[in-house]
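User: I am new to this structure and would like to learn how to read its features one at a time. Could you take me through them slowly, giving the general idea before each case?

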Amino acid sequence: MLQESALSDLRRLVGQANVLTSPSDLEAYGRDWTRVHQAKPSVIVLPASTAEVAAVVAYCQAKQLPIVPSGGRTGLAGAAVATNGEVVLSLSRMTKIEELDEVGQTIRVEAGITTQQVQEAAKQVGLFFPLDLAAKGSCQIGGNIATNAGGVKFIRFGGMREQVLGIEVVLPSGEVLDMNTGLRKNNTGYDLRQLFIGSEGTLGIVTRATLRLTPPPRNMQVSVLAVPSFESILQILSVCGKAGVQLTAFEFFTRAAHEIVLQHALGARSPFADKSPYYVLLEVEEGAGGIDVMQPLLEQIFAADLISDAVVATSSAQFKELWGLRENITESLSKHGHIRKNDISLAIGQLAAFTAELELEVAAAPKDIQLVLFGHIGDGNLHINYVGLNKAESFADFNARARLIELRIFERLARYKGSISAEHGIGLLKKKDLHFSRSEPEVTLMRQIKQLLDPANLLNPGKIFP
Ligand SMILES: Cc1cc2nc3c(=O)[nH]c(=O)nc-3n(C[C@H](O)[C@H](O)[C@H](O)COP(=O)(O)OP(=O)(O)OC[C@H]3O[C@@H](n4cnc5c(N)ncnc54)[C@H](O)[C@@H]3O)c2cc1C
């Protein structure tokens with residue numbers, strides 16, 4: 001708990017009502033979606049403007065108070081968790097849309113706005129904001145930038161990095177760095193903006209951003225395919241690539257993931273009579289002039305003997321229902337048992353060999369730890385979930401056993417030069433494992449950058465670095 005004098009100083013900076021200290025607020029704002037660490041912040045501060053963020057940060061710098069920047073708290077790496085009496089600085093009151101430029105196809109927003117609000121604003125003027133993820137109703141643009149979020153449309157539009165034209169950042173000193181120009185072309189030295197994208201709140205607090213919008217994809221058609229083997233999934237991806245269709249999503253999930261969704265997600269039903277080891281959710285844009293590209297594509301995939309069944313959405317309700325089979329996996333898993341998560345990626349060319357090894361681990365896992373796989377496989381991104389089925393076992397005991405399997409998988413992954421975090425980040429959860437994906441010289445350079453910007457180590461301390 002902070003001293004009363006510090007609390008009243010903070011109240012003076014952001015207003016009495018915007019400094020929260022009740023146990024329920026400390027608990028709610030002190031953690032992200034992970035449930036591994038205990039939340040122990042000393043105070044929650046909710047500034048309403050860049051000037052207030054800068055004032056709070058400068059105050060914390062003067063008093064040497066550590067800060068955890070906080071967005072929608074949907075992060076899956078423990079990067080927004082305050083475990084050590086930090087000041088949680090939440091952007092939740094900074095939600096303005098400042099400009100929507102229909103000609104330039106850009107939107108300038110405050111960083112606390114949710115992803116979904118940006119999507120809806122773009123839609124209202126006939127444009128499209130392509131970052132899309134199941135947490136879109138809660139996660140914030142600032143959090144998306146700080147984690148360089150990927151999401152289900154990555155295959156078509158790239159991740160958050162590709163959408164960010166400009167940002168405004170409050171540095172750990174309290175100085176405001178205005179790089180929010182919205183310029184599409186700007187080769188004037190180092191692109192400092194990129195340093196903050198994916199920095200998990202360790203280098204600066206993002207307060208504003210200018211984001212790229214696009215024309216909306218033409219009518220999207222979605223189908224779910226029942227696939228007999230992992231190799232077939234990759235061959236389907238290859239067929240799609242060669243057919244020249246505009247893929248907007250290429251997701252996969254295993255039978256285990258599918259059954260867990262059927263068990264826990266309200267109203268979920270399987271579109272297939274028979275069970276299949278793998279499923280692919282395929283989304284494509286219809287062709288120019290409304291030409292159906294899905295049907296000929298599926299015929300080609302059937303002819304190549306790559307699937308046992310397929311269902312195509314024929315109404316918007318069915319479109320939603322099929323997407324629900326994929327989007328409800330994360331939430332359903334958390335209802336199913338203890339969970340430990342991996343978010344790995346590989347070069348597409350390495351996926352087949354790696355997953356053959358991964359299948360060995362799935363088969364060898366203890367009966368009460370189920371390995372459930374799904375993910376953005378078209379981007380080489382696999383989510384591995386260790387699900388502890390014995391609810392009588394403590395989370396700590398389950399977690400320790402799951403960790404042993406994870407370490408074996410990470411060792412295999414390192415041999416394929418894969419990443420231990422494709423899109424969720426490192427946070428607290430994976431910092432011990434950074435060496436699996438980053439060399440010593442890379443980590444040293446990252447530490448030097450952190451030291452340069454935050455010499456007192458006050459901004460999100462303890463995150464990323466082992
Ligand atoms: C159901 C579900 C599905 C998900 N699907 C995906 C997915 O498909 N793809 C994907 O990439 N992620 C996914 N995620 C993870 C998560 O939604 C993303 O990481 C998201 O970008 C986090 O945004 P947030 O606002 O919730 O950030 P938070 O969780 O609040 O914070 C995440 C990190 O960003 C920092 N931060 C937050 N705001 C700021 C700011 N303004 N300035 C500086 N640092 C800041 C925090 O300190 C922390 O380090 C999913 C999560 C859930 C629960």
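Analyst: Let us begin with a turn between two strands: in the hairpin of E15 and E16, five residues lie between the strands, and Gly380 among them takes a positive phi near 75 degrees. Please keep in mind throughout that this is a predicted model.

User: How do the two strands of that hairpin pair, and over how many bridges?

Analyst: Strand E15 and strand E16 (residues 381-388) pair in the antiparallel sense, over six bridges. To follow one of these pairings by eye, start at Phe374, whose bridge partner in E16 is His383.

User: Which way do the residues of E15 point, and are they buried or exposed?

Analyst: The general idea is that in a regular strand the side chains alternate between the two faces of the sheet. Here Ile369, Leu371, Leu373 and Gly375 point one way from E15, while Gln370, Val372 and Phe374 point the other way, and all are buried. Because seven of the seven residues of strand E15 (residues 369-375) are buried, the strand is largely enclosed by the rest of the structure.

User: How many bridges join E15 to E11?

Analyst: E11 and E15 run antiparallel and are joined by two bridges. Within this pairing, Phe252 stands opposite Gly375 in E15.

User: How is the protein chain divided into domains?

Analyst: The division gives domain 1 (4-90), domain 2 (97-212), domain 3 (220-329) and domain 4 (337-424). Taking one pair of them, the C-alpha centres of domain 3 and domain 4 lie 23 Å apart, and 15 residues of domain 3 are in contact with 11 residues of domain 4. On the domain 3 side, the elements that give two or more residues are helix H9 (230-243), strand E11 (247-254) and helix H10 (255-264), and E11 gives the most, with six residues. By class, this side of domain 3 divides into 12 nonpolar residues, one polar and two charged.

User: Which residues have the most contacts inside the largest nonpolar core?

Analyst: As a general idea, nonpolar side chains in soluble globular proteins tend to be buried together. In this model the largest nonpolar core has 125 residues, and those with the most contacts inside it are Val45, Leu225, Val227, Tyr279 and Val280. If we take Val227 and leave aside its neighbours within four places in sequence, its contacts include Ile233, Ile236, Tyr279, Val280, Leu306 and Ile307.

User: Which residues come nearest to the ligand, and which elements surround it?

Analyst: Of the 38 residues around the ligand, Gly71, Gly75, Gly142, Gly143 and Gly201 come nearest. The elements that give two or more residues to this shell are strand E3 (67-70), helix H5 (141-147), strand E9 (205-212) and helix H13 (329-336), and H5 gives the most, with five residues. By class, the shell has 17 nonpolar, 16 polar and five charged residues. Domain 1 and domain 2 each supply at least three residues to the shell.

User: E9 appears in that shell, so to speak of its surroundings, which way does E7 run against E9?

Analyst: E7 and E9 run antiparallel and are joined by six bridges, with Val169 standing opposite Val206 in E9. Strand E7 (residues 164-170) is mostly covered, as seven of its seven residues are buried. E7 is also joined to strand E8 (residues 176-179), again in the antiparallel sense, by four bridges, and there Ile167 has Met179 as its bridge partner. The hairpin of E7 and E8 has five residues between the strands, and Gly174 in the turn has a positive phi of about 100 degrees.

User: What is Gln61 in contact with, leaving aside its neighbours within four places in sequence?

Analyst: Gln61 lies in helix H3 (residues 50-63), and its contacts of this kind are Pro172, Ser173, Gly174, Ala456 and Leu458. Although Gln61 and Pro172 are 111 residues apart along the chain, their C-alpha atoms are separated by 7.1 Å. Gln61 is partly exposed, because 19 other C-beta atoms lie within 10 Å.

User: Which residue other than glycine has a positive phi near 45 degrees?

Analyst: That residue is Asn460, found in the segment after helix H17 (440-453). Asn460 counts as buried because there are 30 C-beta neighbours inside 10 Å. Ile464, which is not a glycine either, has a positive phi of about 70 degrees, and Ile464 too is found in the segment after H17. With 24 C-beta neighbours inside 10 Å, Ile464 counts as buried.

Conventions. Residues are numbered from 1 along each chain as its sequence is written. This is a predicted model: local features need pLDDT of at least 70, side-chain atom pairs count only at pLDDT 80 or more; totals for chains, interfaces and linings use all residues. A residue is near a molecule or strand if its C-beta atom, placed from the backbone, lies within 6 Å of it. Ala, Val, Leu, Ile, Met, Phe, Trp, Tyr, Cys and Pro count as nonpolar, Asp, Glu, Lys and Arg as charged, and the others, Gly among them, as polar. Domain bounds come from an automatic or database domain assignment. A nonpolar core is a set of buried Ala, Val, Leu, Ile, Met, Phe, Trp, Tyr and Cys residues joined through C-beta atoms within 7 Å. A residue is buried if 20 or more other C-beta atoms lie within 10 Å of its own, exposed if 12 or fewer, and partly exposed in between; C-beta atoms are placed from the backbone. Two residues are in contact if their C-beta atoms, placed from the backbone, lie within 7 Å. Two strands pair if DSSP finds at least two bridges between them.
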